[in-house]
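Grab a viewer and work through these exercises at your own pace. Each one has a task, then a solution in steps.

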Amino acid sequence: MRKLSISIVILALVLVTSSALADNMDDALDAANFGDYEKARNLWLIEADKGSAVAQANIGLLYEDGLGVPQSDKEAVKWYRMAAEQGEPRAQYYLGTAFEEGRGVPQDYQEAAKNYHQAATRGYVKAQYKLGLLYLKGQGVTQSTETAYAWWSVAASKGHEDAQKYKDSAQQQMTPKQIETAQGIAQQIWTELGN
């Protein structure tokens with residue numbers, strides 16, 4: 001369960017353009033932190049109805065974890081999809097996870113890879129790591145240890161410990177030419193990310 005992640009998602013994502021939005025989002029965060037998930041959901045619904053991708057993603061988390069609502073992977077996917085279509089990277093990541101694991105939707109590695117890629121190119125580190133895993137296994141993408149290494153390099157540069165471990169492990173099994181190719185792919189990704 002991700003009870004604590006709700007706070008992290010809200011803190012990381014709230015970009016406020018009006019005081020009413022700020023008040024509802026702040027109040028929803030306070031309510032979630034105090035375990036009043038029904039109140040948080042009601043406040044997020046107000047903003048979700050206005051098109052807030054952050055609020056939509058957080059409602060998805062409530063349904064995924066069954067916090068203040070009946071647990072429902074299908075309902076979580078519905079909310080994640082709304083937010084993901086607006087380019088919300090955490091929702092894209094959660095939607096990718098749902099497709100990868102077959103929760104609320106049929107398992108589909110191509111859809112998982114697509115959603116992870118969208119989040120990864122927006123700088124979402126967890127998605128960069130997961131995309132590396134899909135490339136390593138050839139799930140939903142063409143198998144490529146070099147591309148896996150590249151995505152893990154990007155995620156590791158942002159402090160993702162598991163990505164660093166996988167990168168190091170892959171490097172031990174790669175030829176110098178493969179490492180050079182992988183580093184070139186990583187450089188291209190960093191350039192596209194603006195790093």
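**Exercise 1: the last helix**

Which residues of α11 are buried? Work out how they sit around the helix axis, and what packs over them.

Solution. Keep in mind that you're looking at a predicted model.

- Step 1: start with the extent. Helix α11 covers residues 176-193, so 18 residues, and it reaches 25 Å between its first and last C-alpha, close to the expected 26 Å.
- Step 2: pick out the residues under 20% relative accessible area. In α11 these buried residues are Ile-179, Ala-182, Ala-186 and Ile-189.
- Step 3: look down the axis. The buried residues of α11 fall within an arc of 80 degrees, so they line one face of the helix. The general background: an α-helix has 3.6 residues a turn, so residues three or four places apart point the same way.
- Step 4: flip to the other side of α11. There you'll find Pro-176, Lys-177, Glu-180, Thr-191 and Glu-192, which are exposed.
- Step 5: see what does the covering. Over the buried residues of α11 lie, among others, α9 (145-157) and α10 (161-173).
- Step 6: step off the end. Gly-194 follows α11 and has a positive phi, near 85 degrees.

**Exercise 2: α10 and its partner**

Run the same analysis on α10, then describe how α9 and α10 pack.

Solution.

- Step 1: check the length. The 13 residues of α10 should span 18 Å at 1.5 Å a residue, and the end C-alpha atoms are 19 Å apart, which agrees.
- Step 2: list the buried set, which in α10 is Ala-163, Lys-167 and Ala-170. Down the axis of α10 the buried residues fall within an arc of 70 degrees, so they too line one face of the helix.
- Step 3: turn to the face of α10 pointing away from the buried side, where Glu-161, Lys-165 and Gln-172 are exposed.
- Step 4: find the cover. For the buried residues of α10 it includes α8 (125-137) and α9.
- Step 5: get the geometry. The axes of α9 and α10 are 8 Å apart and the helices pack at an angle of about 145 degrees; their crossing is left-handed.
- Step 6: name the contact residues. From α9 they are Thr-145, Tyr-149, Trp-152, Ser-153, Ala-155 and Ala-156, and from α10 Ala-163, Gln-164, Tyr-166, Lys-167, Ala-170 and Gln-171.

**Exercise 3: aromatic rings**

How many aromatic pairs are there? Classify two of them.

Solution.

- Step 1: count ring centres within 6.5 Å. That gives 6 aromatic pairs.
- Step 2: take Tyr-93 and Tyr-116. Their ring centres are 5.8 Å apart and the planes make 35 degrees, so the pair is tilted.
- Step 3: place them. Tyr-93 sits in α6 (residues 89-101) and Tyr-116 in α7 (residues 109-120), so the pair ties together parts 23 residues apart in sequence. Both Tyr-93 and Tyr-116 are buried.
- Step 4: now Trp-152 and Tyr-166. With centres 5.1 Å apart and planes at 45 degrees, this pair is tilted. It links α9, which holds Trp-152, to α10, which holds Tyr-166, 14 residues apart.
- Step 5: compare accessibility. Trp-152 counts as buried at 0%, whereas Tyr-166 is partly exposed at 35%.
- Step 6: look for a cluster. Tyr-80, Tyr-93, Tyr-94, Tyr-116 and Tyr-124 form one.

Technical notes: Residues numbered from 1 in each chain as written. Predicted model: local features only at pLDDT ≥ 70, side-chain atom pairs only at ≥ 80, totals over all residues. Heavy atoms only, no water. Helix = DSSP H or I, 4+ residues; strand = E, 2+ residues; numbered from the N terminus. Expected span 1.5 Å × (residues − 1). Buried < 20%, exposed > 50% of the residue type's maximum accessible area, 1.4 Å probe, protein only. Arc of directions from axis to C-beta. Contact = heavy atoms within 4.5 Å. Phe/Tyr/Trp six-rings, centres within 6.5 Å; stacked < 30°, edge-to-face > 60°. Axes fitted to C-alpha atoms, helices over the stretch in contact; angles between N-to-C directions. Left-handed = near helix turned anticlockwise from the far one by under 90°.
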